[in-house]
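Me: Before I rely on the labels attached to this protein, I would like to see how each of them is justified.

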Amino acid sequence: MSRHPAHTDWCAADHRCNLGEHRSSTILVDLPGHGRAVLTRVRTTTGREHAEIRVRVALAATEPAARRQLTRLLTDLRQVVTRAALAGRPRPSRRRTA
């Protein structure tokens, strides 16, 4: 029996796949002078899929401004993760009333 299930259509099918995981090629969003995000789709050995996202954001030169940016970044990331999680859930059925 093969240790690695068949590669998916989106799998990079190279050295990125290891220990039974499947990993896509990375998707890069680069905003020169502002930041960069790198997204990789992953399927674990249990079959669970997730997005792995690394974000790098240029911070302000002064400490108070950098702290404000970090606070805003964490708030916005919480909203993004929550929305993404909710988007994957089935919608509850709406019952019609007479």
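The exchange below takes some of these labels in turn and sets each against its definition.

Reply: This is a predicted model, in which local features need pLDDT of at least 70 and side-chain atom pairs count only at pLDDT 80 or more, while totals for chains, interfaces and linings use all residues. Residues are numbered from 1 along each chain as its sequence is written, and side-chain values use heavy atoms, with hydrogens and water left out.

Me: What makes up the secondary structure of the protein?
Reply: There are 1 helix and 4 strands, in the order β-β-β-β-α along the sequence; helices (H or I, at least four residues) and strands (E, at least two) are DSSP runs, numbered from the N terminus.

Me: Why are E52 and R23 said to form a salt bridge?
Reply: A salt bridge requires a side-chain nitrogen of Lys or Arg within 4 Å of a carboxyl oxygen of Asp or Glu, and the closest N and O atoms of E52 and R23 are 2.4 Å apart, so the pair qualifies. Because E52 lies in strand β4 and R23 in strand β1 (residues 22-23), the pair ties together parts that are 29 residues apart in sequence. E21, R23 and E52 are linked in a network of salt bridges.

Me: Is R23 buried or exposed?
Reply: Buried means under 20% relative accessible area, exposed over 50%, and partly exposed in between (1.4 Å probe, protein chains only). R23, at 15%, therefore counts as buried, whereas E52, at 29%, counts as partly exposed.

Me: What separates D76 and R72 in helix α1?
Reply: They are 4 residues apart, which means about one helical turn, and their salt bridge has its closest N and O atoms 3.1 Å apart. D76 is partly exposed at 29%, while R72, at 54%, is exposed.

Me: How do you know that strands β2 and β3 pair?
Reply: Two strands pair if DSSP finds at least two bridges between them; strand β2 (residues 27-31) and strand β3 (residues 35-43) run antiparallel and are joined by 5 bridges, so the condition is met. One of the partnerships sets D30 against R36 in β3. The two strands form a hairpin with 3 residues between them, and G33 in the turn has a positive phi of about 85 degrees.

Me: Why is the contact between the side chains of T44 and T46 called polar?
Reply: A polar contact is a pair of N or O atoms within 3.5 Å; within protein, one must be able to donate a hydrogen and the other to accept it, and residues adjacent in sequence count only if both atoms are side-chain atoms. The T44 and T46 side chains make such a contact at 2.9 Å, with T44 found in the loop between β3 and β4.
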